[in-house]
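Colleague: I should like to take a close look at a single part of this model. Please keep the explanation suitable for a first-year student.

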Amino acid sequence: MPPTARAISQAWRAARSRIRMRHHHLLLRCRAMPLLPLPPRTLRVSGGLVHHRLIRCHGMPIPRRTPGVSGGRLFASLPLPPPLQSPREVHVWYLCPDELNNQSQLNMYEELLSPSEREYADSMKATMLRKDVVLSRALLRTTLSRYTGCKIDPRSFEFKKNKFGKPEVLWPLDDSTAEQPLHFNISHTTSLIACGIAINAHIGIDVEEKKRNTTKNILSLARRYFTPSEVDSLAEISDSDAQRKEFLKLWTLKEAYVKALGMGFSGAPFSTFSIMLETSKGIRISKTSNASRPGYDHLSENWLFTLAELNSSHYMSVCIEDSSRSQAGPEDSPAPVGLKVWKTVPFVEDTLVSGTEAVKLIA
Amino acid sequence: MSAPVATAGSAVFPAHRLQAKQDTVDKVCGIVKKQLAVAEDTVVSGETKFADLGADSLDTVEIVMGLEEAFSITVDESSAQEIRTVEDAASLIDKLVTDKDS
């Protein structure tokens, strides 16, 4: 039954007070909002942060589910991010599942998923895990759309796995964007899902809650899985909480490296490389003698790392390939990774958080 | 899933494996439930996938370590990577224990 005129005008009054748009042509329509009679004629423009709100009116059609068609306006509301300017620049977009509880918004995100992704989400018996799958795929698809000029519908991305199972974008052969050297990686904890994007460089990202406790003793875990030098550096820390946090930092850095390499846990067992946090040249990686066994020739050291604290609640490690290392001498310090971080509620709000208290670079 | 590759000195994880012993499956369920602090009413059985219980890589590594301690075995990374369900873990344990005892 169509909404009554009264309901429509009430909804319009409520929506109008929330509308702050940068560009009025970002008006679009989605099932999350009630139908309004006409597009709003006056808009308040906000400066600074980009805020936009979804609204719906008869003036705009609901986009058809046609993959790859740029006419669908749903994703046109994703604002263009600043471009990635060099292979050393990493952009991270994250969302917090606990803050996203609007069912119609979640339904909208679910619409972005491919049939197989939806099937995978449906296979999750726990509702929270199902929500995480939906959010994680929606985050990936919307982020990729942003970095392809918002010209590719988030729904139309296809993915493949490399022979070790690392997901990559399957660029359509006939598309002009076929040569896009975009790389991505995702990490999630129950409270935060992050998507890292880089251009022309393989990338790995890992996030972990700062307060996370292990069931096993920290040094036992380290002795079993880390290298002797890492065990030694952990053993030197007398305060158990500080030791646990250092372990988590090392863990996320090592995970980020393995994910960046894309060969799985067994392609780069944690005991084959050491991460050093406190060197004068930032975070460094070196292969251990274990790595000279046959089968580990692919372990390389030309990778850049960055470690940050997000919202004072999470550690985030990013690892990207450093293609310029071959030109620089070993004495040269690698330039730091240029990191920009956004907190996002896709289609609703994006907030640049790097450069604020929310992102504290550790190394 | 890529085919397992045999390298010198490692346990090859066979594509077709004998069904794990129920006793092993039960023990694995217990270790997993404890590690992941699974709610009392959640059913964990041989078919349960670790991903379904929300296990991330650190959880998995701790579970594997718990299994190594409980069964006095060593699980190498390539085998650990193949484990998706409780049954997978139990089959691997049975095999490693048999290899160790023989």
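Which residues line the largest cavity?

Modeller: The model is predicted, and what follows should be read as a description of that prediction. A search of the whole structure finds 1 cavity of 30 Å³ or more, and the volume of the largest cavity is about 30 Å³. Its lining consists of V64(B), L67(B), V75(B), I83(B), A89(B), L92(B) and I93(B). Two elements, helix 2 and helix 4 of chain B, each give two or more residues to this lining. The most comes from helix 4 of chain B, with 3 residues. In terms of class, the lining has 7 nonpolar residues, with no polar and no charged ones.

Helix 4 of chain B therefore merits a description of its own, beginning with its length. This helix covers residues 86–101, and because 16 residues at 1.5 Å a residue should span 22 Å, the distance of 22 Å between its end C-alpha atoms agrees with the expected value. The buried residues of helix 4 of chain B are V86(B), D88(B), A89(B), A90(B), S91(B), L92(B), I93(B), D94(B) and L96(B). Among them, A89(B), L92(B) and I93(B) also belong to the cavity lining. In an α-helix there are 3.6 residues a turn, so residues three or four places apart point the same way. The buried residues of helix 4 of chain B pack against three helices of that chain: helix 1 (22–35), helix 2 (57–71) and helix 3 (77–82). Helix 2 of chain B is thus a packing partner of helix 4 and also a contributor to the lining of the largest cavity.

Notes
Residues numbered from 1 in each chain as written. Chains lettered and ligands numbered in written order. Predicted model: local features only at pLDDT ≥ 70, side-chain atom pairs only at ≥ 80, totals over all residues. Heavy atoms only, no water. Helix = DSSP H or I, 4+ residues; strand = E, 2+ residues; numbered from the N terminus. Expected span 1.5 Å × (residues − 1). Buried < 20%, exposed > 50% of the residue type's maximum accessible area, 1.4 Å probe, protein only. Contact = heavy atoms within 4.5 Å. 1 Å grid on protein atoms, 1.4 Å probe; cavity = no way out; pocket = protein on both sides within 12 Å on 5 of 7 lines; lining within 4 Å. Points joined across faces, edges and corners; volume = space filled by probe spheres on them. Nonpolar A, V, L, I, M, F, W, Y, C, P; charged D, E, K, R; others polar.
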